[in-house]
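Got your viewer open? Let's walk through this one stop by stop, starting with the whole chain and then zooming in.

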Amino acid sequence: QLQLEESGGDSVQPGGSLRLSCAASRFTLTYFNIGWFRQAPGKEREWVSCISRGGGFTNFADSVKGRFTSTISRDEAKNTVYLQMSGLKPEDTAVYYCAARGPTEQAMCAMAPSEYDYWGQGTRVTVSS
């Protein structure tokens, strides 16, 4: 079974940047679409971004567009997907999860958590002054 492990979460000041990593083991991520989600205390899990297999399609939630845009990527050699976050705001504080759907032939990645088959344990991001 595919296993995912997130890392890179930290405490930063507003305006700061972080790069989150989602590393896979037991299977290659090549044939999986990958999504990033976050869950703040007392709130439902929220979709943040996703990248399709091959990286040909990416998408970002409106709440992060312009700050995270064009900064989701995958390194097939390292079996890892990255989410670079910049211009962080206190409302970005949450536990961030990566999820995988596949193996799939889908060229577009999904936004709904129910579309994903495998989940990591999460990495915590705190943005405060």
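Start with a cartoon view and follow the chain from one end to the other: the pattern reads β-β-β-β-β-β-β-β-β-β-β. That comes to eleven strands and zero helices. Keep in mind as you click around that this is a predicted model.

**The whole chain**

Stay zoomed out for a moment. The radius of gyration is 13 Å, close to the 14 Å that the globule rule gives for 129 residues, so the chain is as compact as a globular protein of that length. If you draw a box along the principal axes, the C-alpha atoms fill roughly 40 × 30 × 25 Å.

Now switch on a surface. Its accessible area comes to about 6,500 Å², and 45% of that belongs to carbon and sulfur atoms. Colour by burial and 43% of the 129 residues count as buried. For a contact map, take the contacts between residues at least 6 apart in sequence: 61% of them join residues at least 24 apart.

One more global check is charge. Select the 13 positive and 13 negative charges, and you'll find that their mean positions are 2 Å apart.

**First disulfide stop: Cys22 and Cys98**

Next, show the cysteines as sticks. How many disulfides should you be looking for? The count comes to two. Begin with Cys22 and Cys98, which are joined with an S to S distance of 2.1 Å. This link bridges distant parts of the chain: Cys22 sits in strand E3 (residues 18-25) and Cys98 in strand E9 (residues 94-101), 76 residues apart. Measure the torsion about the S-S bond and you should get 70°, a right-handed link. Are these two cysteines buried or exposed? Both Cys22 and Cys98 are buried, so hide the surface if you want a clear look.

**Second disulfide stop: Cys50 and Cys109**

Move on to the bond between Cys50 and Cys109, where the sulfurs are 2.1 Å apart. Cys50 belongs to strand E5 (residues 46-51), while Cys109 is in the loop between E9 and strand E10 (118-119), so this pair ties together parts that are 59 residues apart in sequence. The link is right-handed, with 70° about the S-S bond.

Burial is worth checking one end at a time. Cys50 has 0% relative accessibility and counts as buried. Cys109 has 9%, and it counts as buried because the cut-off is under 20%. Counting bonded cysteines along the chain, the overall disulfide pattern is 1-3, 2-4.

**A cis peptide bond**

Stay with the loop between E9 and E10, and select Pro103 there. Check omega for the peptide bond from Gly102 to Pro103: the value is near 0°, which makes this bond cis.

**Two positive phi values**

Finish with a Ramachandran plot. Pick out Arg26, which is not a glycine yet has a positive phi, near 80°. You'll find Arg26 in the loop between E3 and strand E4 (33-39). With a relative accessible area of 63%, Arg26 is exposed.

Then jump to Asn79, another non-glycine residue, with a positive phi of about 55°. Asn79 lies in the loop between strand E7 (72-75) and strand E8 (80-85). Is Asn79 buried or exposed? Its relative accessible area is 14%, so Asn79 counts as buried.

Conventions
Residues are numbered from 1 along each chain as its sequence is written. This is a predicted model: local features need pLDDT of at least 70, side-chain atom pairs count only at pLDDT 80 or more; totals for chains, interfaces and linings use all residues. Side-chain values use heavy atoms; hydrogens and water are left out. A disulfide is a pair of cysteine sulfur atoms within 2.5 Å. Helices (H or I, at least four residues) and strands (E, at least two) are DSSP runs, numbered from the N terminus. Buried means under 20% relative accessible area, exposed over 50%, partly exposed in between (1.4 Å probe, protein chains only). The radius of gyration is taken over C-alpha atoms; the globule rule is 2.2 Å times the number of residues to the power 0.38. Contact means heavy atoms within 4.5 Å. Accessible areas come from the Shrake-Rupley method with a 1.4 Å probe; for residues, only the protein chains shown count as cover. Lys and Arg count as positive and Asp and Glu as negative; His and the chain ends are not counted. The place of a charge is taken as NZ of Lys, CZ of Arg, CG of Asp or CD of Glu.
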